[in-house]
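Hi,

Here is the structure I promised to pass on. Have a look at it first, and then read on for what turned up.

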Amino acid sequence: MGQGLLVFLDIVHSYSAGDEMVGLSLFDGSNDCYFHTAWWVVEYQIDGFQFHSLSSMMYTHNGFASFTGDLEEYCNQYVDKDALMYLILANEILHALHPNIVTIAEDYQVQATYYPGLCEPTSQGGLGFDYYVNLSVPDMWLDFLENIPDHEWSMSKIVSTIVRNRQYADKMLVYAENHNQSISGGRSFAEILFGNVKEDPLSSKQTLLRGCSLHKMIRLITLTIGGYAYLNFMGNEFGHPKRVEFPMPNNNFSFSLANRCWDLLENEVHNHLFSFDKVSVVSLLGVIFVVYFEDMMKLGENERSLSRRLPNIHHVKDSAMVISYMRGPLLFIFNFHPTNSYEGYNVGVEEAGEYRIILNTDETKYGGQGIIEEGQYLQITINRRVDGLQNCLEVPLPSRTAQVYKLSRILRI
C-alpha cells in the first residue's frame, strides 16, 4: 500500500477453460500462474482480489437460474462442491499467509452475493470473503434510465435494492454505475442522459438540466444510503460521455474508444460534474452542466457519513417520490419527482434544533437552478410528530433535487 491506495486483482475463474486456445491457462507459458493467488501477493505485492462472476463457478447451472431468495435455491444439488471448497480454501490460505489481504466477492448474475455465509469467517462455516459487491444497484439505475418513465420510478424499490441484505450491510460495496455500463458495448449513464440532445436550445437546456439533476441524485443516494464503501469506475465521476471499447475486429481494431478523455476536464462543462465529485462537473456537447463529485466525496470524508451507523430510513413516499433518512447528524432529503416541487414539505426528525443545508444538488455552481435561496438554508424544527419521530422540519423541496442538512444546534424544550 502506498499513498493510501490499494491494488486489487480482478480474478475471473470463468475464463479458465480446458481448451488452452481460448482459456488463460497458458497465457504466460504455464498452466497455473494466473490463478495462483498467493504468487501474485508475493511477486507483485497486491493488496487483494476481487473474485469475479462467482455464480458461474459455484453452481453447475452457472448462475443461469431464477432466484427468489429462498434458502434452498442457494444450497441444493446444483452447488458445485469442488468450487465451493476451493473458495473456502483460497480465503483461508490467503488470510492465514497474508493477514491484511482483502477478498471481495462479485457476481454479475447477483445471486451468489446473497449466498448464506458468504462474508462469514471460514472458522464459522462461511466462505471467508471480506466484502461483496451489490451489483443489483447499478442494474436498477440502468433499468430506470433506459426503460421506466421518470414519473413511474419507485422510491420503495430504490431503497429496498440499495439496502438489500441488511444483515451484511457492513460488508457491502456499491456502485451507482459500474464497468458493465462503460465497457463491453454498454453505455454510461452520461451517454444515456445526454446522448440525444437536440439542436433546439430549449430542448437542449431541459435535457441537460434533467440529466445533470438525475446524475447527481443517483450518485448521492447510492453513496450515502448504502454500506460503508462506495466504488466508482474511472471517468464516471465527471460524466464521461463515451464507453471504453478495446480494439477488436468489429471496430476495425480502432483505438478511438480505448481511453478515458481526461482532457474533458479542461472544458468548463466537465470541470463543473468533477467539481461536485470534486465539486462534480460533467460537460457534454460543449454545454455546462454540473454534477458534484469532490463536494460529495468531501461530505463522506469530512462528516464521516459512511463510517457512522447505517441510515435510519424513516420517510419513503412513492406518491410524492420523496425519500428521507438520517445518517449520524445528517438528514438527507431527495425529491425525484420530475415536475412537482414542494414549498413546505414535512419530514420527521428526532432531535429538536436548527438544521442547516451543507449540500444542495440544485446550487448553480453544480449546474442547478439555485431555487432554494440562502435565507432558506437554515431550518428550525417544529414540535409536531411526523414519520414516527418527535419533531419535524418544513423544508422547500424543488423537483429533481436533493439536500443534506446537518444538525447545527440542539434546542432543549
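Arginine 409 and glutamate 354 meet through their side chains in a salt bridge, at 3.3 Å from N to O. Keep in mind while you look that this is a predicted model. Arginine 409 sits in strand E16 and glutamate 354 in strand E13 (residues 353–360), so this contact ties together parts that are 55 residues apart in sequence. The two ends are not equally covered: arginine 409 is partly exposed, at 46% relative accessibility, whereas glutamate 354 is buried, at 16%.

There are other pairs like this, and the count comes to six salt bridges. Another one has the side chains of aspartate 150 and arginine 400 at 2.6 Å, N to O. Those two come from distant parts of the chain, 250 residues apart. You'll find aspartate 150 in the loop between H5 and helix H6 (155–162), and arginine 400 in the loop between strand E15 (391–397) and strand E16 (401–410). Are these two partners buried or exposed? Aspartate 150 is buried, with a relative accessible area of 14%, and arginine 400 counts as buried too, at 15%. Because the cut-off for buried is under 20% relative accessible area, both values fall on that side of it. As for the pair from the start, glutamate 354 lies in strand E13 and arginine 409 in strand E16. Back at the loops, Asp150 and Arg400 also belong to one network with Arg210, joined by salt bridges that share partners.

One more pair to look up is glutamate 146 with arginine 187, where the closest N and O atoms are 3.3 Å apart in a salt bridge. Here again distant parts of the chain are linked: glutamate 146 belongs to helix H5 (residues 136–147), while arginine 187 is in the loop between E5 and helix H7 (189–194), 41 residues away. Glutamate 146 is partly exposed, at 40% relative accessibility, and arginine 187 is partly exposed as well, with a relative accessible area of 34%.

Now for the sheet. Six strands form an open sheet in the order E1-E2-E3-E4-E5-E6, and the pairing is parallel. Which strands stand at the edges? They are strand E1 (8–12) and strand E6 (229–231); each has a single partner strand, so one side of each is left without a neighbour in the sheet. On average, neighbouring strands of this sheet are turned by 30° against each other, ignoring direction. In general, strands of a sheet pair through backbone hydrogen bonds, either parallel or antiparallel. For E6, the partner is strand E5 (residues 172–175), which runs parallel to E6 and is joined to E6 by three bridges. If you want one spot to zoom in on, tyrosine 175 has leucine 231 in E6 as its bridge partner.

Leucine 231 comes up again in the largest pocket, as Leu231 is among the residues that lie nearest the pocket's centre, along with Leu6, Phe8, Ile104 and Leu173. The largest pocket has a volume of about 730 Å³, and 17 residues line it. Strands of the sheet take part in that lining: E1, strand E3 (102–105), E5 and E6 each supply at least two residues. Which strand gives the largest share of the lining? That is E1, with three residues. By class, the lining is made up of twelve nonpolar residues, four polar ones and one charged one.

Cheers

Technical notes: Residues are numbered from 1 along each chain as its sequence is written. This is a predicted model: local features need pLDDT of at least 70, side-chain atom pairs count only at pLDDT 80 or more; totals for chains, interfaces and linings use all residues. Side-chain values use heavy atoms; hydrogens and water are left out. Two strands pair if DSSP finds at least two bridges between them. Helices (H or I, at least four residues) and strands (E, at least two) are DSSP runs, numbered from the N terminus. Axes are lines fitted to C-alpha atoms, for helices over the stretch in contact, and angles run from 0 to 180 degrees between N-to-C directions. On a 1 Å grid over the protein atoms alone, a cavity is a set of points where a 1.4 Å probe fits but cannot get out, and a pocket is an open set with protein on both sides within 12 Å along at least five of seven lines; lining residues have an atom within 4 Å of a point. Grid points are joined across faces, edges and corners, and a volume is the space filled by probe spheres set on the points. Ala, Val, Leu, Ile, Met, Phe, Trp, Tyr, Cys and Pro count as nonpolar, Asp, Glu, Lys and Arg as charged, and the others, Gly among them, as polar. A salt bridge is a side-chain nitrogen of Lys or Arg within 4 Å of a carboxyl oxygen of Asp or Glu. Buried means under 20% relative accessible area, exposed over 50%, partly exposed in between (1.4 Å probe, protein chains only).
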